[in-house]
Amino acid sequence: MRNQDAEGRGSYELGSPQVAGEERGVSLLEESQESQESPAEPPPVRILLLAFMIMFQGYGVMNGNPAHALKMKLDLPPSEAAAFQNATASFQLSKLLMRILQISLLVFLQPNGIVYLAYAIMFVALLIPIIFVWGEDMKDLSVVYLQYTLGGIAIGLFEGTFLSIISVLGKKTKTFAIMGAPLGFAVHNILLGSVLPAGYEVLYYVYSAACIPVAVAIFYFYAPLADANSQGKGCQIFLKSLQQPQQWLLAMLPWFLAKFAGNFVMEDAFPLLYLTFNTPHVPLFAPSSTSPTIPFKYYTAFYYFVLMALGDTISRRVPEVLNLSTGKAWGFWIVTSILLCIAGEVLNFLLIPIITGFAAFIAYFGNGLVYGLSAQYIDAYIAAEHRYTAYNLWCFAGDLAGYAGQGALSVKIAESACEGRHYTYICHKSQEVWD
């Protein structure tokens, strides 16, 4: 089947200004009678959203409910909170290193091959807690370092490469694909988080691992093919872009800053939530109140993570309807997205559960807006031969922020939010009290 459709899908070559046109064919592109697409902007290949989402389900088990379940399974004392966060931050460190180290892989692999390699590594990362923590009942943090390091390598190889590969399919395909990131997180924190009974948390990992072969199949059949003559050229293109920074780097600096802001609040949101709302129940109103309360599980699944997912998902479509025809417009919206990230982070310090949900919406709306605007800007204003490098360095800036936001600094931020304010259900003095 793939051999018959490969020619219809067309191909890409890193660094080539090629724009896919009618020769891509329409057999694998979803068409509708209602809309008329120009040859330069084909209908979106919406199914690639699933290929992106499934990889980000793997990312999602490194945060939120699955990460908290892992921490509880390891039975770590409160004094080990910073050590656990440092172990999880190895995800960010390995992710940012792979943005650069993957250059060497391009000598041997085409970008499509790097995506397949990323899926394979994520599959192994998901098996680590299944085998060693739930299977062998290991309690050592070395298991966390191994799992999160492999997961970071997978995402570091995957994200920028996947986005550069699908660029030839048009901005609408990319707009759909990038919505897979918040949806991948939502699967664990909303859907599974609300239905998994206590004692079955290993299913977060089992489910995510089982989905990886599906993502591989989708990518195999629907992603554009690499040009047959492009083997080994990716490394040369990456290095050539670094030798010509005047052609693209200055234009990318604001987007690096925005990505840093977005990723910091995105990664800090999870430890900040679990370290401040650190008991099995959440008061609905003031942090000092003891009634009425709601179980933490339902507060997060039906309120907090719903608002987080809505903010991150909706905002990624917003650039499609914005008037971005001038430099001032781009400047206004990039500043707005950064301010939204900062505002969402600050609102967490109120420790008011209802407000904290809106804080997640605002911060993640800013993060999603950064993502959507950046993807649209890179494809529109960065020359094709520099996009692969631009995407990966843009992701690298986010990884630096993620490492700061997910590591021991997140514990200090939570301690600062709780300083002088310790209540029955919020910022409990014993740090974490879970039934």
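**Exercise 1. Locate Ala414 among the helices and describe its surroundings.**

Solution. Step 1: Ala414 belongs to helix α16, which spans residues 408-418. Helices (H or I, at least four residues) and strands (E, at least two) are DSSP runs numbered from the N terminus. The model is a predicted one, in which local features need pLDDT of at least 70 and side-chain atom pairs count only at pLDDT 80 or more, while totals for chains, interfaces and linings use all residues. Residues are numbered from 1 along each chain as its sequence is written, and side-chain values use heavy atoms, with hydrogens and water left out.

Step 2: Ala414 has a relative accessible area of 3%, so this residue is buried. The term buried means under 20% relative accessible area, exposed means over 50%, and partly exposed lies in between (1.4 Å probe, protein chains only).

Step 3: When residues up to four places away in sequence are not counted, Ala414 touches Leu272, Leu275 and Thr276. A contact requires heavy atoms within 4.5 Å.

Step 4: From C-alpha to C-alpha, Ala414 and Cys427 are 8.7 Å apart in space, and they are 13 residues apart in sequence.

**Exercise 2. Identify the disulfide that involves Cys427 and state its handedness.**

Solution. Step 1: The criterion is a pair of cysteine sulfur atoms within 2.5 Å. By this rule, the count is one disulfide.

Step 2: The partner of Cys427 is Cys418, with an S to S distance of 1.9 Å.

Step 3: The torsion about the S-S bond of Cys418 and Cys427 is about -70°, and the disulfide is therefore left-handed.

Step 4: Both Cys418 and Cys427 are buried. Two further cysteines may be examined: Cys211 counts as buried because its relative accessibility is 12%, and Cys395 is buried with a relative accessible area of 0%.

**Exercise 3. Describe the largest cavity and its lining.**

Solution. Step 1: On a 1 Å grid over the protein atoms alone, a cavity is a set of points where a 1.4 Å probe fits but cannot get out, and lining residues have an atom within 4 Å of a point. The structure holds seven cavities of 30 Å³ or more.

Step 2: The largest cavity has a volume of about 160 Å³, where volume is the space filled by probe spheres set on the points, and grid points are joined across faces, edges and corners.

Step 3: Its lining consists of 16 residues, and those nearest the centre are Ala67, Phe84, Gln85, Pro271 and Tyr274. Helices α3 (64-74), α4 (81-105) and α11 (249-276) each supply at least two residues of this lining.

Step 4: The lining of the largest cavity divides into eight nonpolar, six polar and two charged residues. Here Ala, Val, Leu, Ile, Met, Phe, Trp, Tyr, Cys and Pro count as nonpolar, Asp, Glu, Lys and Arg as charged, and the others, Gly among them, as polar.

**Exercise 4. Place Tyr377 in the chain and list its contacts.**

Solution. Step 1: Tyr377 lies in helix α14, which covers residues 353-381.

Step 2: The relative accessibility of Tyr377 is 14%, so Tyr377 counts as buried.

Step 3: Not counting residues up to four places away in sequence, Tyr377 touches Ala251, Trp255, Trp330 and Ile382.

Step 4: Tyr377 and Leu324 are 53 residues apart along the chain, and their C-alpha atoms are separated by 9.4 Å.

Conventions
1 Å grid on protein atoms, 1.4 Å probe; cavity = no way out; pocket = protein on both sides within 12 Å on 5 of 7 lines; lining within 4 Å.
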